[in-house]
Amino acid sequence: MVKRLILVLGDQLSHDIAALRAADKARDIVVMAEVMEEGTYVPHHPKKIALILSAMRHFAQELRDEGWTVAYTRLDDAENAGSIPGELLRRADESGAHAVDATRPGEWRLIEALEALPLDMRLHEDDRFICSHREFDDWAEGRKQLRMEYFYREMRRKTGLLMEGDAPAGGKWNFDHDNRKPAPADMLRPAPCHFAPDEITQEVLDLVSARFGDNFGALRPFDFATTRAQALEALEHFVTRLLPGFGDYQDAMLQGDPYVHHSLISPYLNIGLLYPVEICRRAVEEWQAGRAPINAVEGFVRQIIGWREYVRGIYFREGPDYVTRNALEHTAPLPALYWGAETRMNCVSHAVGQTRDLAYAHHIQRLMVTGNFALLAGVSPTVLHEWYLAVYADAFEWVEAPNTIGMSQFADGGLLASKPYVSSGNYIHKMSDYCGDCHYSVREKTGERACPFNLLYWHFMDRHRPRLERNPRMAQMYRTWDRMSPERRETILQEGDAMLERLSSGEVV
């Protein structure tokens with residue numbers, strides 16, 4: 001039989017990935033490549049680049065130890081073609097193999113580039129996911145609204161996770177009502193797992209510092225897991241020490257504790273070092289043993305087999321143009337404060353600072369702080385999408401784009417979310433300790449000290465009234481707006497205009 005090239009990408013670091021299962025270890029050549037095109041299509045956080053490159057190098061060595069032939073291209077190799085398609089063509093010419101097996105990438109950009117190659121390309125379904133594209137399309141067909149809750153129930157039934165026969169464990173599908181508590185500061189709360197860089201990772205860090213040192217984000221200290229063994233250790237640490245409090249405090253934000261009870265395993269899951277069902281089964285074991293409450297375990301399982309699978313289904317169902325959608329016609333540029341410029345908003349300063357230092361912020365910091373502010377300020381959703389894709393270690397387009405375009409920015413017009421996720425400063429005040437140290441007052445609605453979230457919330461509601469007032473989940477807010485005096489509404493709108501003008505002119509807000 002003719003030998004084939006077996007492409008393994010930097011987010012496909014799983015030993016049983018479909019392309020490897022289709023290969024012949026004795027004959028075929030595994031192709032892995034560190035290329036500038038993947039490192040620069042958005043200005044990725046240096047920690048994200050280092051994580052992927054180090055994990056790739058460790059994975060390639062594991063493959064060699066298992067007897068695979070691996071053609072591995074390092075970023076600084078003299079013959080590096082600079083792109084994944086270019087490297088495949090180079091390796092095909094070098095080896096005489098003109099057939100390629102690849103697991104379907106998680107971005108339309110790469111899928112289209114691979115399909116355009118003059119090679120015999122076989123793209124295999126990425127079956128590390130629970131729901132295939134066909135299954136999702138079958139579920140979605142004919143539905144007026146694609147609500148995650150109903151999809152999640154199907155995934156529970158399919159996997160059997162937290163099921164007691166045909167009924168959900170604990171008598172309810174969803175315990176989210178129990179998961180909205182502000183977190184108390186706790187100096188004894190366990191920190192997530194940290195891993196000291198080995199020789200391979202140190203070499204990568206030096207390379208990333210030289211090539212991407214000017215990118216937004218701190219490269220060092222670097223303490224991510226870079227192997228499956230380390231990722232499993234991080235998972236075990238989370239389920240035994242942090243999972244019991246995850247449910248109660250998963251939405252909470254603390255200035256002195258960027259992690260609270262979160263797992264920090266999403267980067268490892270998204271690059272293939274961990275698998276979704278094994279993670280969920282391990283969490284369920286803790287509930288079955290009486291060591292973790294059901295609200296914590298259900299909330300964690302829902303994020304993985306519900307939300308994660310659901311947004312992937314949306315991304316591939318909607319097609320390559322999904323990232324350009326802009327239902328609210330927002331066109332403002334991204335304020336410089338997202339790249340670390342000064343801001344007097346304590347919540348935004350902490351969320352962006354944490355992102356810069358750690359390449360991490362949890363889902364509420366992304367949705368209700370940086371995402372909420374961008375939506376209120378009318379930032380272009382595509383520009384914001386590119387920022388999120390760049391700055392977080394777990395961000396890959398299939399998972400990040402629907403979260404930004406659909407959930408955070410309502411730019412798909414309500415396909416994914418039933419309403420825009422906007423709020424005044426009150427939500428942030430309730431769920432965090434940010435507001436006490438802020439230059440602005442969360443209790444003031446107008447005036448120089450008024451929280452910008454308060455001003456821009458009503459400004460947003462007013463300017464989008466023709467589209468949103470018929471939404472039953474927004475009706476109460478419009479009734480509240482209408483009960484205000486005309487003078488008060490005019491003051492809010494004028495001060496909101498002034499705030500937007502200050503943002504557009506680059507003034508400190």
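## A walk through the model

Start with everything displayed: of the 509 residues of the protein, 59% count as buried (under 20% relative accessible area; exposed is over 50%, partly exposed in between, with a 1.4 Å probe and protein chains only). What you have open is a predicted model, where local features need pLDDT of at least 70 and side-chain atom pairs count only at pLDDT 80 or more, while totals for chains, interfaces and linings use all residues. Residues are numbered from 1 along each chain as its sequence is written, and side-chain values use heavy atoms, with hydrogens and water left out.

**The whole chain**

Switch to cartoon and you'll get 21 helices and 7 strands (DSSP runs numbered from the N terminus: H or I of at least four residues for helices, E of at least two for strands). Show the C-alpha atoms and they fill a box of roughly 80 × 55 × 50 Å along the principal axes. The radius of gyration is 24 Å, which agrees with the value near 23 Å for a compact globule of 509 residues (taken over C-alpha atoms; the rule is 2.2 Å times the number of residues to the power 0.38). If you draw a contact map, take contact as heavy atoms within 4.5 Å. Of the contacts with a separation of 6 or more, 74% join residues 24 or more positions apart.

Now turn on the surface. The accessible area is about 20,700 Å², and 49% of that belongs to carbon and sulfur atoms (Shrake-Rupley method, 1.4 Å probe; for residues, only the protein chains shown count as cover).

**Into the core**

Hide the surface and select Met-32, Leu-243, Tyr-268 and Tyr-310. Of the 156 residues in the largest nonpolar core, these touch the most other members (such a core is a set of buried Ala, Val, Leu, Ile, Met, Phe, Trp, Tyr and Cys residues joined through side-chain atoms within 4.5 Å). Add helix α12, residues 294–318, which gives the most to this core, with 13 residues. There is also a second, separate core of 19 residues, with Ala-33, Leu-88, Leu-110 and Leu-119 among them.

Next, center on Met-32. Leaving aside residues up to four places away in sequence, Met-32 touches a list that includes Val-8, Leu-13, Met-56, Phe-59 and Tyr-72.

**Three backbone oddities**

Some background for this stop: most residues other than glycine have a negative phi, and most peptide bonds are trans.

- Select Arg-220 and Pro-221: the peptide bond from Arg-220 to Pro-221 is cis, with omega near 0 degrees. Pro-221 sits in the loop between α8 (199–212) and α9 (228–249).
- Go to Leu-162, in the loop between α7 (148–159) and β6 (163–164). Its phi is positive, near 55 degrees, and Leu-162 is buried at 4% relative accessible area.
- Then try Val-260, in the loop between α9 and α10 (266–271). Here phi is about 50 degrees, again positive without being a glycine, and Val-260 is buried at 2%.

**Two last polar stops**

Pick Asp-127, in the loop between β5 (120–124) and α6 (133–140). Asp-127 is partly exposed, at 40% relative accessible area. Beyond residues up to four places away in sequence, Asp-127 touches Ala-18 and Arg-21. Put a distance label on the C-alpha atoms of Asp-127 and Asp-16: they are 9.6 Å apart, though 111 residues separate them along the chain.

Finish on Asn-346 in helix α13 (residues 346–358). Asn-346 is buried, with a relative accessible area of 12%. Not counting residues up to four places away in sequence, Asn-346 touches Gln-255, Tyr-434, Asp-437 and Cys-438.
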